[in-house]
Amino acid sequence: MSVSLQGKVAIVTGGSRGIGRAICQGLAAEGCCVVVTSRTEVDDSADSQFQRHASGTIHQTAQAIQRRGGQSLAVKCDLSSSDEIRQLVATTLEHFGRIDILASNAGIDCESLVPDLDVDALDLCLALNVRAPLLLCKYALPAMIGQGLGGSIFAVTSGAARGYRPGRVGYSMSKAALDRMFLSLAEEVRPHNIAVNLFSPGRVDTWMNRNGDWPGTAHILMVPPDEVIPAAVWLARQTAGTFSGQWVERADFGVTWGDV
Ligand SMILES: NC(=O)c1ccc[n+]([C@@H]2O[C@H](COP(=O)([O-])OP(=O)(O)OC[C@H]3O[C@@H](n4cnc5c(N)ncnc54)[C@H](OP(=O)(O)O)[C@@H]3O)[C@@H](O)[C@H]2O)c1
């Protein structure tokens, strides 16, 4: 049986915009206290090419939740910094006193053919997509395990982890590493009844998707970010006893996995 989210505390990375903002809103609507985190505190996207998709700050997401009667906390964190991730966890515990859910959503691309690959961009991609989700778990798990009530951890992965996408060798590597890492972590924390899953959102209309041209994906239906909410909320409700160690696609939610 899955758990109620009322009063649970969730950290959602990349909460300023896109898929992360939708996950924040979805969890808050179910009664979660949501820690909204990313770097952006001031929106300077006005008049830029990607204004519609780039727009969003952690404060806007957090305030939108509060306006609807929910509980939220905006915490600035650059996930390439281990110190800032540790501080994010500490701030969450100071404010809400517990952590039940980690949604590792933040991620970046490093789209390039291999000979042209910018090494700094690759390092940042690996830091964001692989190292940061692991460090978030490293710092949050002692509290989650100590609470003794289970919990749910999931990361936003990509179909690129499993198949060829032109110009995306580095990004594919990062998401494949994320997948293996979380599938292994699922077994490590199973005795603590903490679920660990991987969520592939499909092609979602966000800044990341608009920023790159992502050749080879045009055939996939593009959906608005809110479409991820039912599947993400369902994942947040799981424990190791109900659903863990799984790699799931949003488009299959309610068909091959999750409640119909
Ligand atoms: N869109 C798609 O079609 C698609 C498909 C498959 C997988 N995904 C995955 O979905 C996830 C979310 O992507 P999205 O499409 O919603 O992209 P997005 O709109 O670009 O959002 C990315 C989020 O990550 C945050 N972020 C970036 N660099 C950061 C850093 N150094 N420290 C902390 N936060 C940082 C951004 O916030 P700040 O800039 O404020 O820091 C933003 O909130 C990613 O993991 C992506 O790989 C997306």
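## Helices and selected residues in a predicted model

Asn193 is partly exposed, because 18 other C-beta atoms lie within 10 Å of its own. Keep in mind as you look around that this is a predicted model. You will find Asn193 in the loop between helix 6 and strand 6 (194–200). Its backbone deserves a look too: Asn193 has a positive phi of about 60 degrees although it is not a glycine. A glycine with a positive phi can be found elsewhere, at Gly69, which follows helix 3 and has a phi near 90 degrees.

Now let us turn to helices that pack together. Two packed helices are described by the angle between their axes and the distance between the axes. Here are both values for two pairs in this model.

| Helix pair | Axes come within | Crossing angle |
|---|---|---|
| Helix 1 (residues 18–29) and helix 3 (residues 58–67) | 10 Å | roughly 20 degrees |
| Helix 5 (residues 119–147) and helix 6 (residues 169–189) | 8 Å | roughly 15 degrees |

Start with the pair in the upper row. With axes crossing at roughly 20 degrees, helix 1 is therefore roughly parallel to helix 3. The cut-off behind that wording is that angles under 35 degrees count as roughly parallel. Helix 1 passes helix 3 in a right-handed crossing. Which residues in helix 1 meet helix 3? They are Arg21, Cys24, Gln25 and Ala28, and their partners in helix 3 are Thr61, Ala64 and Ile65. Sorted by class, this contact has four nonpolar, two polar and one charged residues.

Helix 3 also has a buried side. Its buried residues are Ile58, Thr61, Ala62 and Ile65. Looking down the axis of helix 3, you would see these buried residues fall within an arc of 95 degrees, so they line one face of the helix. A rule about helices is handy here: an α-helix has 3.6 residues a turn, so residues three or four places apart point the same way. What do the buried residues of helix 3 pack against? Their neighbours are helix 1, strand 2 (33–38) and strand 3 (71–76).

The pair in the lower row comes next. Helix 5 and helix 6 have axes that cross at roughly 15 degrees, and they are therefore roughly parallel to each other. Their crossing is right-handed. The residues of helix 5 that meet helix 6 include Leu122, Leu126, Pro133 and Cys137, while those on the helix 6 side include Tyr171, Lys175, Leu178 and Met181. By class, the contact of helix 5 with helix 6 has 14 nonpolar, three polar and one charged residues.

Two more residues are worth a visit. Phe96 is located in helix 4 (residues 82–96). It is partly exposed, because 19 other C-beta atoms lie within 10 Å. Leaving aside residues up to four places away in sequence, Phe96 touches Val9 and Cys33. Phe96 and Cys137 are 41 residues apart in sequence, and their C-alpha atoms are 17 Å apart in space.

Met208 is found in helix 7 (residues 207–211). Is Met208 buried or exposed? Met208 counts as buried, because it has 20 C-beta neighbours inside 10 Å, and a residue is buried if 20 or more other C-beta atoms lie within that distance. Not counting residues up to four places away in sequence, Met208 touches Gly18 and Asp109. Met208 and Gly241 are 33 residues apart along the chain, and their C-alpha atoms are separated by 34 Å.

Notes:
Residues numbered from 1 in each chain as written. Predicted model: local features only at pLDDT ≥ 70, side-chain atom pairs only at ≥ 80, totals over all residues. Axes fitted to C-alpha atoms, helices over the stretch in contact; angles between N-to-C directions. Helix = DSSP H or I, 4+ residues; strand = E, 2+ residues; numbered from the N terminus. Parallel < 35°, antiparallel > 145°, perpendicular 65-115°, else oblique. Left-handed = near helix turned anticlockwise from the far one by under 90°. Contact = placed C-beta atoms within 7 Å. Nonpolar A, V, L, I, M, F, W, Y, C, P; charged D, E, K, R; others polar. Buried ≥ 20, exposed ≤ 12 C-beta atoms within 10 Å, placed from the backbone. Arc of directions from axis to C-beta.
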